[in-house]
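Please open the model in your viewer and keep the sequence panel beside it. The stops below are meant to be selected one after another.

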Amino acid sequence: MQIIELETSKHSEILDITERVDSIVQKSGIKEGICIVFCPHTTAAITINENADPSVKKDMINSLETLIPWTNDYAHIEGNSAAHIKSAMIGSSRTIIVKDGHLMLGTWQGIFFIEFDGPRKREVYMEVVPK
Ligand code: ZN
């Protein structure tokens with residue numbers, strides 16, 4: 001297993017980790033298989049989406065905030081229920097096919113780590129599994 005260390009700087013933020021994931025795939029030497037990207041945190045998530053236009057990240061953060069507002073009639077005493085709910089909605093992992101030593105992402109796709117309760121130090125776990 002490999003660990004990607006991240007430091008978020010905002011309360012809600014999307015970080016593009018595609019190059020870091022790709023670099024670990026390259027170093028693994030595995031040409032054919034799958035790559036698992038896993039977030040071990042309950043207030044963050046992993047997704048794949050458009051990385052060409054930075055406005056998409058902004059729209060995702062803003063729309064999730066509208067759907068799940070920070071302040072609501074939540075029971076969770078820690079006060080960060082919105083972050084837990086958003087984390088569960090987006091999900092904690094993604095699996096990407098590796099072919100010819102490359103991540104088989106679509107032309108406009110990038111791998112995103114999403115912070116919902118930052119700023120914090122975070123980790124992403126990765127495993128490249130040969131075919
Ligand atoms: Zn909590």
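**A loop with a cis peptide bond**

Begin by selecting Pro-119, which is found in the loop between strand S7 (109-115) and strand S8 (121-130). This is a predicted model, and in it the peptide bond leading from Gly-118 to Pro-119 is cis, with an omega near -5 degrees. As background, most peptide bonds are trans, and most residues other than glycine have a negative phi.

**Two further backbone stops**

The second part of that background applies at Asp-100, which has a positive phi of about 50 degrees although it is not a glycine. Select Asp-100 in the loop between strand S5 (93-99) and strand S6 (102-103), and colour it as exposed, because its relative accessibility is 51% and the cut-off for exposed is over 50%.

From Asp-100, move to Lys-31, which lies in the loop between H1 and strand S3 (33-38). Leaving aside residues up to four places away in sequence, Lys-31 touches Val-98, Lys-99, Asp-100 and Gly-101. If you then add Val-129 to the selection, the C-alpha to C-alpha distance from Lys-31 to Val-129 is 9.8 Å, although the two are 98 residues apart in sequence.

**Helix H1**

Next select helix H1 (residues 18-28), whose buried residues are Thr-18, Val-21, Ile-24 and Val-25. These buried residues lie on the same side of H1, because they cover an arc of only 135 degrees around the axis. Turn to the other side of H1, and you find Glu-19 and Lys-27 exposed. Just after H1, Gly-29 takes a positive phi of about 75 degrees.

**The nonpolar cores**

Which residues touch the most other members of the largest nonpolar core? Of its 22 residues, they are Ile-17, Val-21, Val-37, Ile-111, Phe-113 and Met-126. The elements that give two or more residues to this core are strand S1 (2-7), H1, S3, strand S4 (44-50), S5, S7 and S8. To look into it from a single residue, select Ile-17, which touches Leu-6, Val-37, Ile-46, Ile-111, Phe-113 and Val-124 when residues up to four places away in sequence are not counted. A second, separate core of eleven residues can be picked out afterwards, and it includes Val-56, Ile-61, Ala-83 and Ile-90.

**The cysteines**

Now select Cys-35 and Cys-39. The structure holds zero disulfides, and the sulfur of Cys-35 is too far for a bond because the closest cysteine sulfur, in Cys-39, is 14 Å away, whereas a disulfide would need the sulfur atoms within 2.5 Å. Cys-35 counts as buried, at 0% relative accessibility, and Cys-39 is likewise buried, with a relative accessible area of 1%.

**The zinc site**

Finish at the zinc ion, whose protein donors are His-76 (NE2), Glu-78 (OE), Asn-80 (OD1) and His-84 (NE2), lying 1.9 to 2.2 Å from it. In the sequence panel these donors follow the spacing H-x1-E-x1-N-x3-H along the chain. Ideal angles for four tetrahedral donors are 109.5 degrees. Here the angles among the four donor atoms run from 92 to 146 degrees, and the site is classed as irregular because a tetrahedral assignment would require all angles to lie between 85 and 135 degrees. Of the donor residues, His-76 counts as partly exposed at 33% relative accessibility, while Glu-78 is exposed, with a relative accessible area of 52%.

Methods. Residues numbered from 1 in each chain as written. Predicted model: local features only at pLDDT ≥ 70, side-chain atom pairs only at ≥ 80, totals over all residues. Heavy atoms only, no water. Donors = N, O, S within 2.8 Å, 3.2 Å for Na, K, Ca; no water. Tetrahedral: all angles 85-135°; square planar, octahedral: opposite > 155°, others 65-115°. Buried < 20%, exposed > 50% of the residue type's maximum accessible area, 1.4 Å probe, protein only. Helix = DSSP H or I, 4+ residues; strand = E, 2+ residues; numbered from the N terminus. Arc of directions from axis to C-beta. Contact = heavy atoms within 4.5 Å. Core = buried A, V, L, I, M, F, W, Y, C linked by side-chain atoms within 4.5 Å.
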